Amino acid sequence: MKIFQNLNFVLVETSHPGNIGACARAMNSMGICNLSLVNPKEFPSKESEARAKSGRKVLDQANIHDNLNEAINTSNLVIGTSARSRSMPWPMMEINNLGKVINESLVRKEKVSIVFGNEAVGLDNEDLGKCDFHLQIPTSEDSSLNLSHAVQIVAHEIYKGSSSSDLSTQTREVELASSQQKEKLIEHIELVLELLDFYDHQNPKQVPARLRRLIKRMQLDKLEIGILRGILSNLEERLNK
Ligand code: SAH
């Protein structure tokens, strides 16, 4: 389906090749074709091909990456999925809003990634921290779903949302920043804070993680990132004099 060409499902460090095949099948059934694999334990594999059935073309076109950043660099909206709540809560995406938010983004020609974790350990805090939102699929019990079941539910919500009659087609004044631009901004803030000797290294608390969350929550556009980077460069220059 054409509307989903800028949508990417990212599987991080999947252990079982059969699960990768089952995810490809689930995606394909909802017209979603772009699959990125970050350090899969075994790929390509006969088992994933067997489990993919009609989703074989999704597998054949899958991209392989060494790390999550590489897979989501160009994305303007990144949603991480996890059953677990975190001690430092990340901005949450309600499943009921998922289809609308993603389809509105795709209509604006933004790039969207949905990130899924490893079967045994899920997404760690570092990987979830690279996402703009955390999506928790509500369950009655046993909150941890099989990876491909989680993929199927998310894919179906997005598919349903694509035919919604109340999608806003309003474009943004300026395009949202990409994941890479936000990561570079965070790096730059950290560098300037180091130059200022701002961090109490004996007692760092959660300052870096809180700053990261603040940047992700703000949904900055490219122009705003440019302004902030300009201010930081100016500060950096003065501090290095
Ligand atoms: N034991 C792991 C669960 C891994 S399940 C943990 O504690 O996190 C494999 C992946 O499926 C997860 O990383 C997540 O991407 C997805 N998933 C499973 N259940 C989910 C749920 N209820 N909500 C959102 N994502 C879920």
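Let's start right at the ligand: one of its nitrogen atoms sits 3.4 Å from a backbone N or O atom of Ser82. Keep in mind as you look around that this is a predicted model.

Ser82 isn't alone in making a polar contact here. Move to Thr81, and you'll find an N or O atom of its side chain 2.7 Å from a ligand oxygen. Then swing over to Ser143, where a polar backbone atom lies 2.8 Å from a nitrogen atom of the ligand. With the protein in place, 92% of the ligand's accessible area is covered, out of the 550 Å² that the ligand has on its own.

Now step back a little and take in the whole shell. There are 20 residues around the ligand, and the ones that come nearest are Thr81, Arg84, Ile137, Ser143 and Leu145. Sort the shell by chemistry and you get ten nonpolar residues, eight polar ones and two charged ones. As for the space that the ligand takes up, that's the largest pocket.

Zoom out once more, to the chain as a whole. The domain assignment splits it into domain 1, covering 2-162, and domain 2, covering 179-239. Going by C-alpha atoms, the centres of domain 1 and domain 2 are 28 Å apart. The two domains do touch: 16 residues on the domain 1 side are in contact with 13 residues of domain 2.

Methods: Residues are numbered from 1 along each chain as its sequence is written. This is a predicted model: local features need pLDDT of at least 70, side-chain atom pairs count only at pLDDT 80 or more; totals for chains, interfaces and linings use all residues. Side-chain values use heavy atoms; hydrogens and water are left out. A residue is near a molecule or strand if one of its heavy atoms lies within 4 Å of it. A polar contact is a pair of N or O atoms within 3.5 Å; within protein, one must be able to donate a hydrogen and the other to accept it, and residues adjacent in sequence count only if both atoms are side-chain atoms. Accessible areas come from the Shrake-Rupley method with a 1.4 Å probe; for residues, only the protein chains shown count as cover. On a 1 Å grid over the protein atoms alone, a cavity is a set of points where a 1.4 Å probe fits but cannot get out, and a pocket is an open set with protein on both sides within 12 Å along at least five of seven lines; lining residues have an atom within 4 Å of a point. A molecule sits in a cavity or pocket if more than half of its atoms lie within 2 Å of its grid points. Ala, Val, Leu, Ile, Met, Phe, Trp, Tyr, Cys and Pro count as nonpolar, Asp, Glu, Lys and Arg as charged, and the others, Gly among them, as polar. Domain bounds come from an automatic or database domain assignment. Contact means heavy atoms within 4.5 Å.
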